Amino acid sequence: MNEKHPLLQELLVLRATEGLDEDQARQLARLLQDEGIEDSLDLELAAAAASNAFALRSAKGAEDAPQHLKDQLMQDADRFFAEDPVDDRVVPLRPRAAVVEERRLNWGWATAAVLAMVLLVGGIVNRDPTMPTASEARNALLAVEGTVTVEWAPPETADYASVRGDVVWNDERQEGYMLLSGMPVNDPGVTQYQLWVVDPARDANPVDGGVFDIPAGAREVIIPIDAKLAVRNPAAFAITREKPGGVVVSDGPLLVVASAG
Amino acid sequence: MTTILERIAAGDRDAVAACIETYSGLVWSLARRFLPIEADAEEAVQEIFMELWNKAGSYNPEVAGEVTFISMLARRRLIDRRRKLDREPASEPLDEMQPALCEDGQRVLEASAETQRVLGAIETLKPEQQEVINMSSWLGMSQGAIAQQTGIPLGTVKSYINRGLLRIREALGEPARPDKASS
């Protein structure tokens, strides 16, 4: 183990038992790198094994998992293992020539605080068939130290109330993925979704992030975020629905929002 | 003997149902310990199983038993979720603790030779250290909360957990007998 590195050991124990905040996660990654020590699952497995052992010794008789949850798990699995998994069907967001510009938004609905944020230009790439799927890439990123996961807040707009998912983002890698389930299908000839990423530390104005579509049958999609501008600390991710091709100035509303704050 | 996760990774669809049937109780019990609101727990369980389908191929039975690996993935997700909620699980006195392990969860743990071996290793620790590790691992309490509730100095709490996990890790590394649940 890491008896010669008490701080490193302390962080590994903390990660295994109660989790790390972002600063601690960065510190751990740095220490592992500096010391040339390969990260391992040892302590997390030990904590899980301890949890199992104490669970067995604990008071028993709690209710089993509800049947409707087991049914839902089977449905989720059916979708996941389907031959044509829907989560990779909508990977590419259409790249736009203007993606290199910082397009200013003037959201009429935004408060002063919201206006004091900048949206990342989320250039979107077409997937090379030799590259990992979006799902695989997202999972790989989840395992990287310093990666944060921000869940979409329960949307207030009725049509989007069932939208769930999250945004996974890593500052150091400048890599991220949006996971969306239950997002209503759009007709690209009529409207398109537009992605925005908010980073108040970078600029005071929001920037266009590109457009994407949700085709029929796509219950869950993973959309990679290919940041063209460095994002230091994204505070929020937001989706609006706009005319085909997106807009330069959006009046909103924000249909789905994930706020890191 | 092929484990359920290895079968899933090999594309055996029957193993998916077996995985849900075998482990949903344990994962549910863990989720209910970490997340007091039932809807949160249900959502977390769905996320955990999705991650399980994704990571089935990374499971190595030579490193740990299947039930330990699944608990690890579940705990990782639950810890993360709880941190977002900025909430600690209820820290009621141990002798007043409500039932927390369901029958399905109990069945899979009782069938796990590895869990029995780890339990044996834990029982070699002194009672005060066992209680601290219980509060940290199964009850999900922070080191600070444990120190506050038990009156044990924080440094001692940290030391108990650190040494205890190292002892348990050694027990995990002992010659493994396949878990019955992994048939």
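Colleague: Which residue in β1(B) stands opposite K60(A)?
Modeller: First, this is a predicted model: local features need pLDDT of at least 70, side-chain atom pairs count only at pLDDT 80 or more, and totals for chains, interfaces and linings use all residues. Residues are numbered from 1 along each chain as its sequence is written, while chains are lettered from A and ligands numbered from 1 in the order in which they are written. Strands β1(A) and β1(B) (residues 101-102) run parallel, joined by two bridges; strands pair if DSSP finds at least two bridges between them. Opposite K60(A) in β1(B) stands L101(B).

Colleague: Which element gives the largest share of the side of chain A that touches chain B?
Modeller: Chain A brings 46 residues to the contact and chain B 59, counting residues whose C-beta atoms, placed from the backbone, lie within 7 Å. Elements are DSSP runs numbered from the N terminus, with helices (H or I) of at least four residues and strands (E) of at least two. Among those giving two or more residues on chain A's side are α1 (6-17), α4 (67-80) and β3 (147-151). The largest share, 16 residues, comes from α3(A).

Colleague: And over in the hairpin of β4(A) and β5(A), which residue in the turn has a positive phi?
Modeller: β4(A) (residues 164-170) and β5(A) (residues 175-181) pair antiparallel over seven bridges, with W169(A) opposite G176(A). In β5(A), six of seven residues are buried (20 or more other C-beta atoms within 10 Å of their own; exposed is 12 or fewer, partly exposed in between, with C-beta atoms placed from the backbone). Four residues lie between the two strands, and the phi of about 55° belongs to Q174(A).

How values were computed. Two residues are in contact if their C-beta atoms, placed from the backbone, lie within 7 Å.
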